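Hi there,

Here is the structure I promised to pass along. Have a look at it first, and then read on for my notes.

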Amino acid sequence: MQRVFRVMTPGWLISFIAVALFVYTCFTLLAPWQLGKNEDLKTRNSQLLHSVEADPVPLTELTARDAPLDESEWHRVTVTGRYLPEDEVLLRQQAVDGEQVYQVLTAFRTEGGDDLLINRGWVRVGENNTVPTYPAAVADPVTITARLRMPTDTPAEPIVLHDRHMVRSIETSTIGRVLDLDLAGYHLQLPGGQPGSLEPTPIPEVEAGSYLSYGLQWLAFGVLAPIGLGYFLWSEIRERRRQRSQGNDEQGSLGDGAVGPGDRDIDPDVVSGHIAEVDAATEAVAHDRLVTMTVRDRYGTRFEAERRRRLRPRNRLDY
């Protein structure tokens, strides 16, 4: 553990924090997001398959159940009432087979007096986003069979274009305020061949999707990220240990009298020759000094010899 703390430089600390945040995001946000979308897709597929096999039921039978109404989405229902052709909006920014279309949403009043929205189908967008002419809904009482749909969470963003009310999504509370009606919290989507239907709005296909694989990938990333960081940390510790061991080996070799890194290019014979020359010069200096001292002890210095000569008694032979 102490070795780990010695490696904890600012760079490693930043890496630990980044990996921790990434792992937290993977396990708490990204993976649940994809796995949740996969569960929603499985639920929708199950409801679509059930709606194809099940027979239509009266709308009141589904709305009177204690179970949440969204569990019955896509189920086919029957309802009797009449259209309100004057209360109509268009759903913009839609496409069918790559072609821009408007979906026509018309209000419908049931026999029980409830107002709801009917998606009658789509018409092609004209030049400059104009609205083409299409058949109006009949005002006579009719019985229709349609699929139960739930509203979206996307804001409707109502606008008026070419003297027509238009919205961006089927959000019934906003559309109800635009039409000044108390619309139900769901709407119906007409198939073809029903009273008031236009080109039917396509329903989604049953598909597996890739949300499950994406969710598993995020879980794998969350597991592999700390493993990868641990591997790099272990490699750093191992490299530092190797460098420390190599430095200790070199110091031990120098302490045992081995030739150090700076002495590897010196020739031992050259060193011995220099030592011999130094010894010979030292010996010569010592011999000269010994001779000088011996002469001085025996005869004295030059000045003493001169002084003795002058003080010596003179005789006639000296003249």
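Below is what turned up when I went through it. Please keep in mind that this is a predicted model.

**The overall picture**

The protein chain has 319 residues, and 29% of them count as buried. Its secondary structure consists of seven helices and eight strands. If you take the contacts between residues at least 6 apart in sequence, 67% of them join residues at least 24 apart. The chain's accessible surface is about 21,700 Å², with 55% of that belonging to carbon and sulfur atoms.

**Strand 5 and its partners**

A good place to start is strand 5, which covers residues 142–149. Six of its eight residues are buried, so the rest of the structure largely encloses this strand. Strand 5 pairs with strand 2 (residues 76–96) in the antiparallel sense, over six bridges. It also pairs with strand 8 (residues 183–189), again in the antiparallel sense, over three bridges. Arg-147 is a handy residue to click on here: Arg-76 stands opposite Arg-147 of strand 5, and in strand 8 the bridge partner of Arg-147 is Gln-189.

**Helix 4**

Helix 4 runs over residues 172–179, and its buried residues are Thr-172, Thr-174, Ile-175, Gly-176 and Leu-179. What covers them? The cover includes strand 2, strand 3, strand 4 (115–124), strand 7 (164–167) and strand 8. Right after helix 4 comes Asp-180, which has a positive phi, near 60°.

**Aromatic pairs**

Searching the whole structure gives four aromatic pairs. One of them is Tyr-83 with Phe-108, an edge-to-face pair at 5.2 Å centre to centre and 85° between the planes. This pair links distant parts of the chain, since Tyr-83 sits in strand 2 and Phe-108 in strand 3 (residues 99–110), 25 residues apart. Are these two rings' residues buried or exposed? Tyr-83 is buried, with a relative accessible area of 0%, and Phe-108 is buried, also with a value of 0%.

Another pair is Tyr-231 with Trp-234, which is tilted: 6.2 Å centre to centre, with 40° between the planes. These two are three residues apart in helix 5, so about one helical turn separates them. Tyr-231 counts as partly exposed at 48% relative accessibility, and Trp-234 is partly exposed at 47%. Together with Phe-232, Tyr-231 and Trp-234 form one aromatic cluster.

**A nonpolar patch on the surface**

Helix 5 comes up again on the outside of the model. Phe-27, Val-223, Leu-224 and Ile-227 make up a nonpolar surface patch, with about 380 Å² of accessible area together. Which element gives the most to this patch? Helix 5 (residues 211–255) does, with three residues. Phe-27 lies in helix 2, which spans residues 10–53. At 39% relative accessibility, Phe-27 falls in the partly exposed class, because that class lies between the 20% limit for buried and the 50% limit for exposed.

If you would like a viewing order, I would begin with strand 5 and its antiparallel pairing with strand 2, move on to the buried residues of helix 4, and finish with the nonpolar patch on the surface.

Happy browsing, and do write back with any questions!

Best wishes

Conventions. Residues are numbered from 1 along each chain as its sequence is written. This is a predicted model: local features need pLDDT of at least 70, side-chain atom pairs count only at pLDDT 80 or more; totals for chains, interfaces and linings use all residues. Side-chain values use heavy atoms; hydrogens and water are left out. Helices (H or I, at least four residues) and strands (E, at least two) are DSSP runs, numbered from the N terminus. Buried means under 20% relative accessible area, exposed over 50%, partly exposed in between (1.4 Å probe, protein chains only). Contact means heavy atoms within 4.5 Å. Accessible areas come from the Shrake-Rupley method with a 1.4 Å probe; for residues, only the protein chains shown count as cover. Patches are made of residues with over 30% relative accessible area and no salt bridge: like charges are joined within 9 Å, nonpolar side chains (Val, Leu, Ile, Met, Phe, Trp, Tyr) within 5 Å. A salt bridge is a side-chain nitrogen of Lys or Arg within 4 Å of a carboxyl oxygen of Asp or Glu. Two strands pair if DSSP finds at least two bridges between them. Rings of Phe, Tyr and Trp (its six-membered ring) pair if their centres lie within 6.5 Å; planes under 30 degrees apart count as stacked, over 60 as edge-to-face and the rest as tilted.
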